[in-house]
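Subject: Structure for you to look at

Dear colleague,

Here is the structure we spoke about, with the sequence alongside. Please open it first, and then read the notes below with the model on screen.

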Amino acid sequence: MSKRFEQRIIMITGASSGMGRAVAEACGREGANVIALGRDEDALAEVQQSIEALGGRCLCVPFDLYRFEDYGRLFLALKDQIPHLDGLVHCAGEIKRCTPMQYVKAEDFRRMLDIHLAAPNLLTQMMLPLLRRAKTASVIFTTCDMIDRDLPNWHGYGLAKRALGYAAAMWQFEQKDKEIRFNTLNPGKIRTELFRRTYGGMHPKEVPPPEDVVEAYLYLLSDAARNHRGKTMHASDLLPATEAS
Ligand SMILES: NC(=O)c1ccc[n+]([C@@H]2O[C@H](COP(=O)([O-])OP(=O)(O)OC[C@H]3O[C@@H](n4cnc5c(N)ncnc54)[C@H](OP(=O)(O)O)[C@@H]3O)[C@@H](O)[C@H]2O)c1
């Protein structure tokens, strides 16, 4: 049986855990060459092993996305190793705790804007020459319920996630001459480490595992989603489309 992403090169941030890991493994299963970014080298090595066991290929890149000064070096290290980039999935993220705006510390607030807004946009900027070399490419920003719901206590995290919808639209306007799609995806509440920290009160059984939303990411990466451009989407709306396609 042919695999959906044979010969494609897909970079995934946050690939060492949760959603990013599930997306990385699913891309590997579909034949992609996966570039897996994260800080935890042991966890990345496990992801590499599981992708290789599925018959895929994986290049692990231990990388701290807070270190903006290293982004250029990352591009230089990759540009001669890979001919192009067909997909870039932004799944990295963290939050120590939810806090009302009244009390949030400046450092915590700034870190949320850095990892959830500056990092995905600046990494996209840095990888753009490789994305532009692909015949078609898909960039996915992972957002959350705050994309269109007003919820308290998420300070910089919520503000950054809401801004990603505009980011995808802005990228799409600016990159008209190439077949690159920029979209924002809300997976909904998913049972991961980040979820455990923020929604500790909810029983894990009330929340689906990452594998349940992976297909929405694969759909947006695939040619079937070629008409989705500059949009904000919810995995719950896309999953029926993936079953039909
Ligand atoms: N879980 C949910 O309910 C939910 C809902 C909506 C949106 N989201 C979003 O989904 C994305 C994935 O989160 P998750 O739930 O899968 O959480 P997770 O299991 O905690 O995974 C977070 C990932 O981000 C990576 N990461 C964090 N800071 C990093 C940094 N400075 N540099 C490089 N990598 C970094 C972590 O890797 P290392 O530890 O190896 O650095 C890890 O792989 C996040 O953007 C999150 O905001 C989650």
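Buried residues make up 42% of the 245 residues in the protein, and I should say at once that this is a predicted model, so that everything that follows is computed from predicted coordinates. The protein contains eight helices and seven strands. Its radius of gyration is 17 Å, close to the 18 Å that the globule rule gives for 245 residues, so the protein is as compact as a globular protein of that length. Taken along the principal axes, the C-alpha atoms fill a box of roughly 50 × 40 × 35 Å. Among the contacts between residues at least 6 apart in sequence, 71% join residues at least 24 apart.

The sheet is a good place to begin. Seven strands form an open sheet in the order 3-2-1-4-5-6-7, and the pairing is parallel. Strand 3 (57-62) and strand 7 (232-234) stand at the edges with a single partner strand each, so one side of each is left without a neighbour in the sheet. On average, and with direction ignored, neighbouring strands of this sheet are turned by 20° against each other. Helix 5 (residues 155-174) packs on the sheet, where it touches strand 5 (137-142), strand 6 and strand 7, and its direction makes about 170° with that of strand 6.

Within the sheet, strand 4 (residues 87-90) is worth following residue by residue. Gly87 and Val89 point one way from this strand, while Leu88 and His90 point the other way, and all are buried. Strand 4 runs parallel to strand 1 (residues 9-13), to which three bridges join it, and the bridge partner of Ile10 in strand 4 is Gly87. Strand 4 also runs parallel to strand 5, with four bridges joining the two, and here His90 stands opposite Phe141 in strand 5.

Towards the edge formed by strand 7, strand 6 (residues 180-186) and strand 7 pair in the parallel sense over three bridges. Asn186, which is found in strand 6, stands opposite His234 in strand 7. Asn186 counts as buried because it has 26 C-beta neighbours inside 10 Å. If residues up to four places away in sequence are left aside, Asn186 touches Thr143, Cys144, Asp145, Ile147, His234 and Ala235. Asn186 and Ile147 are 39 residues apart along the chain, yet their C-alpha atoms are separated by 7.6 Å.

Glu179 has its place in the loop between helix 5 and strand 6. With 14 C-beta neighbours inside 10 Å, Glu179 counts as partly exposed, and, again leaving aside residues up to four places away in sequence, it touches Lys135 and Thr136. The C-alpha atoms of Glu179 and Met146 are separated by 29 Å, with these positions 33 residues apart in the numbering along the chain.

Two residues deserve a second look for their backbone angles. Asn153, in the loop between strand 5 and helix 5, has a positive phi of about 80° although it is not a glycine, and it is partly exposed, with 14 other C-beta atoms within 10 Å. His155, which is found in helix 5, also has a positive phi, near 25°, in a residue other than glycine. His155 is buried, with 22 other C-beta atoms within 10 Å.

Helix 7 (residues 214-221) is mostly covered, since seven of its eight residues are buried. The buried residues are Val214, Ala216, Tyr217, Leu218, Tyr219, Leu220 and Leu221.

Finally, there is the ligand. Which residues come nearest to it? Of the 29 residues around the ligand, these are Gly14, Gly18, Arg39, Gly93 and Thr192. Helix 1 (18-29) and helix 6 (193-198) are the elements that give two or more residues to the shell around the ligand. By class, that shell has 13 nonpolar, ten polar and six charged residues.

With best wishes

Note on methods
Residues numbered from 1 in each chain as written. Predicted model: local features only at pLDDT ≥ 70, side-chain atom pairs only at ≥ 80, totals over all residues. Buried ≥ 20, exposed ≤ 12 C-beta atoms within 10 Å, placed from the backbone. Near = placed C-beta within 6 Å. Nonpolar A, V, L, I, M, F, W, Y, C, P; charged D, E, K, R; others polar. Pairing = 2+ DSSP bridges. Axes fitted to C-alpha atoms, helices over the stretch in contact; angles between N-to-C directions. Contact = placed C-beta atoms within 7 Å. Rg over C-alpha atoms; globule rule 2.2 N^0.38 Å.
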